[in-house]
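Good morning, and thank you for coming. I should like to take you through one protein model, from its overall layout to a few individual residues.

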Amino acid sequence: MIRRHYLPGWFVLRLLAVLIILPIMTVNPSLQPMIGPLTIIGTQPHIVGPADALISRMIVRGDLQVISMVTDPLVPGRSHERLAQFKDGLRIFGSEITRQREHGQIISIFGTIHSEINVDLVPKLTTQDAIGATSVSGGSTIATELLILYDQNIHGYRLVCLLYTSPSPRDRG
């Protein structure tokens, strides 16, 4: 006697949806809506090509800026280009892309970029108020930087002031 096993209809439909939709999403990242941070990990041509096209558009718009270009000392012909993301002149904290090139051809892209950045760019505090609100005691503020930060708790962006400080004499020991 032969026993036949049948899968429930809802299971088959979900499985088909995953098998059809998942390859589309991984092969063509441009089909995915970009809201918030997008992490790019690309070493395959079907990912590197569309990701590089997106990055090139962002460079032209001024959203990404090259912050360094380093020749790889271990692999001849290879270089690493690092780009940081900006919005209206403010750096987006944690948003950096690295493109690796070999003999001029892009072979990999890694990093995180952001989109749909909606934040009030007018600070609520002055720099001096921000310094006064910190618990840094004894040290001196060397520099400040106004940044945009993605806050996972609110799934949105905040304007923040990053303080660079030196340790106080007693902390230097």
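One definition is needed at the outset: a residue is called exposed when its relative accessible area is over 50%, and buried when that value is under 20%. Please also keep in mind that this is a predicted model.

H103 gives us a first use of that definition. With a relative accessibility of 64%, H103 is over the 50% limit and therefore counts as exposed. H103 sits in the loop that joins strand 4, residues 90–102, to strand 5. Its backbone deserves a remark as well: phi of H103 is near 50 degrees, which is a positive value in a residue other than glycine.

E116 may be described in a similar way. E116 belongs to the loop between strand 5 and helix 3, and its phi is near 55 degrees, again a positive value in a residue other than glycine. The relative accessible area of E116 is 58%, so E116 is exposed.

Let me now step back to the whole chain. The protein contains four helices and seven strands. Followed along the sequence, these elements give the pattern α-β-α-β-β-β-β-α-β-β-α. Of the 173 residues in the protein, 27% are buried. The accessible surface amounts to about 12000 Å², and carbon and sulfur atoms account for 59% of that surface. As for contacts between residues at least 6 apart in sequence, 47% of them join residues at least 24 apart.

I turn next to the interior. Which helix supplies the largest share of the largest nonpolar core? The core itself has 12 residues: I40, V48, A51, L54, I55, M58, L64, L83, I97, I106, I109 and I113. Helix 2, residues 45–61, and strand 5, residues 105–115, each contribute at least two of these residues. The largest share, five residues, comes from helix 2. As general background, nonpolar side chains in soluble globular proteins tend to be buried together.

Two members of this core merit a closer look. I109 has contacts, beyond its neighbours within four places in sequence, with I40, I41, G42, V48, A51, D52, I55, I97, T98 and R99. Separate from this core there is another one, of seven residues, including I92, V119, I148 and Y157.

The second member is M58, which is located in helix 2. Is M58 buried or exposed? Its relative accessible area is 2%, so M58 is buried. Setting aside neighbours within four places in sequence, M58 is in contact with D63, L64, Q85, I113 and H114. M58 can also be placed relative to F86: the two are 28 residues apart along the chain, and their C-alpha atoms are separated by 9.8 Å.

I41, one of the contacts of I109, shows another situation. I41 is part of strand 1, residues 36–42, and it counts as exposed because its relative accessibility is 62%. Beyond neighbours within four places in sequence, I41 has contacts with I47, I109 and F110. I41 and F110 are 69 residues apart in sequence, yet their C-alpha atoms are 4.7 Å apart in space.

For a polar residue, consider S79, which is found in strand 3, residues 78–87. S79 has a relative accessible area of 15%, which is why it is classed as buried. Apart from neighbours within four places in sequence, S79 is in contact with M69, V70, T71, D72, R99, Q100 and R101.

Finally, I come to a pocket. The second largest pocket has a volume of about 260 Å³. Its lining consists of 15 residues, and P123, K124, L125, L146 and L159 are those nearest its centre. The elements that give two or more residues to this lining are helix 3, residues 127–132, strand 6, residues 140–151, and strand 7, residues 156–166. Strand 7 provides the largest share of the lining, with four residues. By character, the lining residues divide into eight nonpolar, three polar and four charged.

To close, I would return to two places in the model. M58 is buried, whereas H103 is exposed. Thank you for your attention.

Definitions and conventions. Residues are numbered from 1 along each chain as its sequence is written. This is a predicted model: local features need pLDDT of at least 70, side-chain atom pairs count only at pLDDT 80 or more; totals for chains, interfaces and linings use all residues. Side-chain values use heavy atoms; hydrogens and water are left out. Buried means under 20% relative accessible area, exposed over 50%, partly exposed in between (1.4 Å probe, protein chains only). Contact means heavy atoms within 4.5 Å. A nonpolar core is a set of buried Ala, Val, Leu, Ile, Met, Phe, Trp, Tyr and Cys residues joined through side-chain atoms within 4.5 Å. Accessible areas come from the Shrake-Rupley method with a 1.4 Å probe; for residues, only the protein chains shown count as cover. On a 1 Å grid over the protein atoms alone, a cavity is a set of points where a 1.4 Å probe fits but cannot get out, and a pocket is an open set with protein on both sides within 12 Å along at least five of seven lines; lining residues have an atom within 4 Å of a point. Grid points are joined across faces, edges and corners, and a volume is the space filled by probe spheres set on the points. Ala, Val, Leu, Ile, Met, Phe, Trp, Tyr, Cys and Pro count as nonpolar, Asp, Glu, Lys and Arg as charged, and the others, Gly among them, as polar.
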